[in-house]
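Got your viewer open? Let's take a short walk through some charged side chains and see who pairs with whom.

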Amino acid sequence: MWQPSGSDTTSRNGGRRVAGVSGASRPTSTGTAQSRSAGTRRRRNVSRLVAGVVLVLACTLLVMTLVARAGGRRPVLALVRAVPAGATITEGDLRTVTVAGGDGVALVAGTDRGAVIGRPAAVPLVPGSLLSAGQVGPAVVPAAGRAVVGVAVKPGQYPPRLTAGDHVNVVIRPVAATVSTSSAFTVSAHPDDSSAPVSVPGIVLDVDPGGDGGAGAVVTVEVAVGPADMVAVAAGAGQVGFVQRPASG
């Protein structure tokens with residue numbers, strides 16, 4: 001049978017209707033959604049990558065800072081209690097502390113504790129101070145420019161808990177020396193020709209309770225050579241007292 005020709009014709013072949021080619025070229029919404037989802041995932045991956053890089057850099061900087069700080073610190077030995085010059089250093093006298101710097105000072109390392117224990121203190125060792133190599137060995141007292149004076153004091157003339165290594169001021173009260181003459185008059189003399197007391201800085205080397213034969217003590221103190229004679233004369237007259245002061249003062 002004759003059929004009219006047309007642009008949208010169909011034919012029947014075995015009872016099936018065959019559509020034209022033009023219907024297969026239409027875009028679908030499923031492909032567009034997949035493309036958008038892939039773009040979103042790419043943007044998320046880039047953001048995560050940037051965040052990871054920043055985190056790694058921050059951790060690296062933190063580690064470098066901690067290493068730099070730790071590199072300048074080292075364990076050294078410090079004094080727990082006073083050790084008089086010439087006395088043997090014991091285990092209980094020392095503890096280990098960590099300090100920064102100190103490269104110009106010959107401090108004794110914490111690992112050298114065994115080499116120090118049992119050796120004498122070359123100088124009076126003060127509690128809380130760091131131990132240096134020059135402080136260990138045969139006692140060197142007095143040092144150049146220094147002198148050692150023994151002073152007998154009574155209760156009230158020195159702090160009851162005064163101990164070796166303490167820094168003190170040796171306070172000299174005006175000494176009145178009486179000299180008898182044929183005319184029976186007296187002459188008063190003072191160390192500095194004034195009525196004001198004299199204060200001489202010193203370091204206690206030893207305290208011997210009862211060393212004066214009474215309730216007082218004999219304090220052995222190291223002072224500068226200059227006023228040492230004056231301290232000795234005043235001590236003989238019983239005109240000396242001790243005032244404890246900080247090591248830095």
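Start by selecting Glu91, which is partly exposed, with a relative accessible area of 45%. Keep in mind as you look around that this is a predicted model.

Which residue does Glu91 pair with in a salt bridge? Add Arg113 to your selection: the closest N and O atoms of the two are 3.0 Å apart. The pair links distant parts of the chain, with Glu91 in the loop between β3 and β4 and Arg113 in helix α2 (residues 113-116), 22 residues apart. Is Arg113 buried or exposed? Arg113 is buried, because its relative accessible area is 18% and buried means under 20%.

Next stop: go to Asp93. Asp93 makes a salt bridge with Arg81, and here the closest N and O atoms are 2.5 Å apart. Both residues sit in the loop between β3 (73-79) and β4 (94-100), 12 residues apart. Color the two by accessibility if you like: Asp93 is buried at 5% relative accessible area, while Arg81 is partly exposed at 44%.

Now jump along the chain and select Arg146 and Glu222. Their side chains meet in a salt bridge, 2.9 Å from N to O. Where does each one sit? Arg146 is in strand β5 (residues 146-153) and Glu222 is in strand β8 (residues 217-224), 76 residues apart. Arg146 counts as partly exposed at 27% relative accessibility, whereas Glu222 is buried, with a relative accessible area of 9%.

That's the end of the tour: the structure holds three salt bridges.

How values were computed: Residues numbered from 1 in each chain as written. Predicted model: local features only at pLDDT ≥ 70, side-chain atom pairs only at ≥ 80, totals over all residues. Heavy atoms only, no water. Salt bridge = Lys/Arg side-chain N within 4 Å of Asp/Glu carboxyl O. Helix = DSSP H or I, 4+ residues; strand = E, 2+ residues; numbered from the N terminus. Buried < 20%, exposed > 50% of the residue type's maximum accessible area, 1.4 Å probe, protein only.
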